Each structure stands twice: as C-alpha cells, then as structure tokens.
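Here is a colleague's note to read beside the model, written as numbered points. Please keep the structure open and look up each residue as it is named.

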Amino acid sequence: MSNQKYETLAEFWPFYVREHQNPANRWMHFIGTSSLFVWLLVAIIRRNPKLLVMVVVSPYTYAWLGHFLIEKNRPATFKYPLKSLLSDFKMYGKMWQGKMDAEVAKYSQS
C-alpha cells in the first residue's frame, strides 16, 4: 500500500482504481456491494435489526477475499475506511454503467 497521504476523494480515486485492476476482484466487490442492498432489504422486510450485521459483514467478506486471494494486495479499507467505502460505491456505479474498465485503463498508466 502506498505511503502517500490522500486528503481528498479525488486524490484517492486513482490509487483506489490501481488497487482494483483485476476484473475478478472488481466483480467480487460488485457482488459484495449488491449483497449489502439485499441484506438491507431483508432486514427491513423482516423488521429484524440483527440482520443489519450482514449489511457490513457480507460486502467486506467479498471485497477482502477479492483483495487477498485475487488481487494479492491489502485492502485500502485498513488505512482509508471512509474513502474506500465511498470509492467502492463509485466503482459500483461505474460498473453498472460499463465505465469501470476505462477507469482502470486510464489510471493504470499513471
């Protein structure tokens, strides 16, 4: 992980993208973020706040497995928890739009 200190999300984003170059890792994140919304919906429908634990556990499990087993790097969450969370949602949106591969190509050059 870089020793650079990122002050803004805009500064952090290129680093985040470079940490997610492997498409399989990005898809693990996508599945994990999707599971967040599924668990949230299930908790609401069942009116069971205990299920909200899965809103956190499920996405992180997918993401961290993607980093440790596929990308072979350390999740940025450990050093930049909020920036990583926000960047994950940004990546999720770009994947829905089919734009994430272009982001990887753009920032893997830097």
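1. A natural place to begin is the outer surface. This is a predicted model, and the accessible surface of its protein chain comes to about 6,700 Å², of which 64% belongs to carbon and sulfur atoms. Of the 110 residues of the chain, 39% count as buried.

2. The secondary structure is easy to summarise, since the protein chain has 5 helices and 0 strands. Read from the N terminus on, the order of the elements is therefore written α-α-α-α-α.

3. What radius of gyration does the protein chain have, and what would a compact globule with 110 residues have? The value for the chain is 14 Å, which agrees with the figure near 13 Å for such a globule. Taken along the principal axes, the box that the C-alpha atoms fill is roughly 45 × 30 × 25 Å.

4. Contacts along the chain deserve a careful look as well. If one takes the contacts between residues at least 6 apart in sequence, 73% of them join residues at least 24 apart. As for charge, the chain carries 14 positive and 7 negative charges, and the mean positions of these two groups are 8 Å apart.

5. Aromatic rings give a good exercise in reading the model, with a count of 16 aromatic pairs. One of the pairs is formed by Tyr92 and Trp96, which are edge-to-face, with 6.3 Å from centre to centre and 85 degrees between the planes. The pair counts as edge-to-face because the angle between the planes is over 60 degrees. Both residues lie in helix H4 (residues 81–97), where they are 4 residues apart, or about one turn of the helix.

6. Are Tyr92 and Trp96 buried or exposed? Tyr92 has a relative accessible area of 13% and is buried, whereas Trp96 has a relative accessible area of 60% and is exposed. The cut-offs explain these labels, because buried means under 20% and exposed means over 50%.

7. There is also an aromatic cluster, made up of Tyr6, Phe12, Trp13, Phe15, Tyr16 and Tyr80. Ser87, which has its place in helix H4, touches Phe12, Trp13 and Tyr16, together with Leu9, when residues up to four places away in sequence are not counted. Ser87 is buried, with a relative accessible area of 0%.

8. Lys5 is found in the segment before helix H1 (9–18), and at 56% relative accessibility this lysine counts as exposed. Leaving out residues up to four places away in sequence, Lys5 touches Glu11 and Tyr80, and Tyr80 belongs to the aromatic cluster described above. The C-alpha atoms of Lys5 and Arg46 are separated by 42 Å, and these two residues are 41 residues apart along the chain.

9. In helix H2 (residues 23–46) one finds Ile31, which is partly exposed, with a relative accessible area of 38%. The label follows because partly exposed covers values between the limits of 20% and 50%. Between the C-alpha atoms of Ile31 and Leu9 the separation is 23 Å, with the two residues 22 residues apart along the chain.

10. Ala63 has its place in helix H3, and at 10% relative accessibility Ala63 counts as buried. Which residues is Ala63 in contact with, leaving aside its neighbours within four places in sequence? They are Asn25 and His29. The C-alpha atoms of Ala63 and Lys50, which are 13 residues apart along the chain, are separated by 22 Å.

11. Two residues in loops should be checked for their backbone angles. Most residues other than glycine have a negative phi. Arg47, however, has a phi near 50 degrees, a positive value in a residue other than glycine, and the place of Arg47 is in the loop between H2 and helix H3 (52–71). Lys72, in the loop between H3 and H4, has a phi near 60 degrees, which is a positive value in a residue other than glycine. As to accessibility, Arg47 counts as exposed at 76%, and Lys72 counts as exposed at 62%.

Conventions
Residues numbered from 1 in each chain as written. Predicted model: local features only at pLDDT ≥ 70, side-chain atom pairs only at ≥ 80, totals over all residues. Heavy atoms only, no water. Helix = DSSP H or I, 4+ residues; strand = E, 2+ residues; numbered from the N terminus. Rg over C-alpha atoms; globule rule 2.2 N^0.38 Å. Buried < 20%, exposed > 50% of the residue type's maximum accessible area, 1.4 Å probe, protein only. Contact = heavy atoms within 4.5 Å. Areas by Shrake-Rupley, 256 points an atom, 1.4 Å probe, with all protein chains shown as cover. Lys, Arg positive; Asp, Glu negative; His and termini not counted. Charge placed at Lys NZ, Arg CZ, Asp CG, Glu CD. Phe/Tyr/Trp six-rings, centres within 6.5 Å; stacked < 30°, edge-to-face > 60°.
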